[in-house]
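Open the model in your viewer and show the side chains. This tour goes from one charged pair to the next.

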Amino acid sequence: MIEGIEDIRREEGYKDPSAKEKDKLEYRNAIINGTVRIIEVLGNSAGFLYFRPNFKVMYIDEEFLWVQLVYVRKDFRKQG
C-alpha cells in the first residue's frame, strides 16, 4: 500500500513522494478499522481502495461514503 501511495504522489508531482511515519500510521489504522480494501488478482496484490464510511462535510446534512484513494498497480491497469 505504501508503494502505491508513493506512486500516486509521484504522479501528482510531489517534491518528496516518500511516505512519512504519520502516513504509515494513518494507513495502518485504516487497515485495522476496515476502511481499506486490498484488491487481489490470482493471489497477487493489484491495488487498494481507501474509503471513509461516515464522512461529513459542512453543506451536506447526511453522512456518506467518501472514497479517499483508489490505486491499481501499473501492471494490472487497462485490463477491464
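Select Asp75 first. In this predicted model, Asp75 has a relative accessible area of 48%, so it counts as partly exposed. Now add Arg73 to the selection. Arg73 is also partly exposed, with a relative accessible area of 26%. Asp75 and Arg73 form a salt bridge, and their closest N and O atoms are 2.8 Å apart. Side chains of opposite charge can pair when their charged atoms come close.

How many salt bridges does the structure hold? There are seven, and this tour stops at some of them.

Next, select Asp16 and Lys20. Their side chains meet in a salt bridge, with 2.7 Å from N to O. Colour the two residues by accessibility if your viewer allows. Asp16 has 43% relative accessibility and is partly exposed. Lys20, at 34%, is partly exposed as well.

For the last stop, select Glu26 and Arg52. Which atoms should you look at? The closest N and O atoms of this salt bridge lie 3.8 Å apart. Show the cartoon to see where the two residues sit: Glu26 is in helix α2, residues 21-32, and Arg52 is in strand β2, residues 44-57. The pair therefore ties together parts that are 26 residues apart in sequence.

Are Glu26 and Arg52 buried or exposed? Glu26 is partly exposed, with a relative accessible area of 31%. Arg52 is likewise partly exposed, at 30% relative accessibility. The limits behind that label are 20% and 50%: under the lower one a residue is buried, and over the upper one it is exposed.

Definitions and conventions. Residues numbered from 1 in each chain as written. Predicted model: local features only at pLDDT ≥ 70, side-chain atom pairs only at ≥ 80, totals over all residues. Heavy atoms only, no water. Salt bridge = Lys/Arg side-chain N within 4 Å of Asp/Glu carboxyl O. Buried < 20%, exposed > 50% of the residue type's maximum accessible area, 1.4 Å probe, protein only. Helix = DSSP H or I, 4+ residues; strand = E, 2+ residues; numbered from the N terminus.
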